[in-house]
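Let us walk through a protein fold, one piece at a time. Keep the sequence and the 3D view side by side as you read.

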Amino acid sequence: MQIKIGENHRVITDPLNYILQEKYIAKKGKNKGNEVWKNISYHSNFKQAIESYVGKGLKLSDAKGVEEILNKLEQLEKDINNLEV
């Protein structure tokens with residue numbers, strides 16, 4: 001399974017986990033200059049993977065007040081509602 005969330009994240013599965021990944025451009029190594037996916041976190045169910053995506057988005061936000069946090073949360077929820085399955 002592979003489900004894209006927003007522009008730079010996705011959830012994939014292996015036999016034991018739901019894995020939240022983030023897309024980035026490799027700066028060195030054999031994939032230098034190419035888009036690659038980095039594993040961010042491992043979860044036992046899909047709900048936990050989505051909660052991790054939301055938590056990460058809020059923690060890394062540069063919001064400076066409650067209104068900005070709520071706006072960021074709304075944007076993250078839109079990403080979730082537009083999941084490409």
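Start with Gln2, whose bridge partner in β2 is Ile12. That bridge is part of a larger pairing: strand β1 (residues 2–5) and β2 run antiparallel and are joined by four bridges. Strands count as paired here if DSSP finds at least two bridges between them. The strands themselves (E, at least two residues) and the helices (H or I, at least four) are DSSP runs, numbered from the N terminus.

A word on the source. This is a predicted model, in which local features need pLDDT of at least 70 and side-chain atom pairs count only at pLDDT 80 or more, while totals for chains, interfaces and linings use all residues. Residues are numbered from 1 along each chain as its sequence is written, and side-chain values use heavy atoms, with hydrogens and water left out.

Now the overall plan. The protein has two helices and four strands. From the N terminus on, they run β-β-β-β-α-α. The C-alpha trace spans about 45 × 30 × 20 Å along its principal axes. Of the 85 residues, 26% count as buried. Buried means under 20% relative accessible area; exposed means over 50%, and partly exposed lies in between (1.4 Å probe, protein chains only).

Go back to the strands. β1 and β2 form a hairpin with three residues between them. Gly6, in the turn, has a positive phi of about 65°. In a regular strand the side chains alternate between the two faces of the sheet. Look for the two faces of β1: Ile3 and Ile5 make the covered one, Gln2 and Lys4 the uncovered one.

Next comes β2 (residues 9–13). Four of its five residues are buried. On to strand β3 (residues 18–25): five bridges join β2 to β3, and the two run antiparallel. One pair to find is His9 with its bridge partner Glu22 in β3. A hairpin of four residues links β2 to β3.

What does Val11 touch? Contact means heavy atoms within 4.5 Å. Not counting residues up to four places away in sequence, Val11 touches Met1, Gln2, Ile3, Ile5, Tyr18, Ile19, Leu20, Phe46 and Ala49. Met1 lies in the segment before β1. With the same neighbours left out, Met1 touches Val11, Ile12, Thr13, Tyr18 and Phe46. Met1 and Ile12 are 11 residues apart in sequence, yet their C-alpha atoms are 5.5 Å apart. Across the protein, take the contacts between residues at least 6 apart in sequence: 34% of them join residues at least 24 apart.

Which residues make up the largest nonpolar core? Eight do: Ile5, Val11, Leu20, Ala49, Ile50, Tyr53, Val54 and Leu76. Such a core is a set of buried Ala, Val, Leu, Ile, Met, Phe, Trp, Tyr and Cys residues joined through side-chain atoms within 4.5 Å. α1 gives the most to the largest core, with four residues.

Two more residues deserve a stop. Lys56 is found in helix α1. Why does Lys56 count as buried? Because its relative accessible area is 19%. Leaving out residues up to four places away in sequence, Lys56 touches His9, Glu22 and Ile40. Tyr24, in strand β3, counts as partly exposed, because its relative accessibility is 37%. Beyond its neighbours within four places in sequence, Tyr24 is in contact with Asn34, Glu35, Val36, Trp37 and Lys38.

Last, the empty space. Rolling a probe the size of a water molecule over the atoms shows where empty space is left. A pocket, found on a 1 Å grid over the protein atoms alone, is an open set of points where a 1.4 Å probe fits, with protein on both sides within 12 Å along at least five of seven lines; lining residues have an atom within 4 Å of a point. The largest pocket holds about 190 Å³, a volume being the space filled by probe spheres set on the points. Its lining has 14 residues, and His9, Tyr53, Gly57, Lys72 and Leu76 lie nearest its centre. α1 (46–59) and α2 (66–81) each supply at least two lining residues. The largest share, four residues, comes from α2. By type, the lining divides into three nonpolar, six polar and five charged residues. Here Ala, Val, Leu, Ile, Met, Phe, Trp, Tyr, Cys and Pro count as nonpolar, Asp, Glu, Lys and Arg as charged, and the others, Gly among them, as polar.
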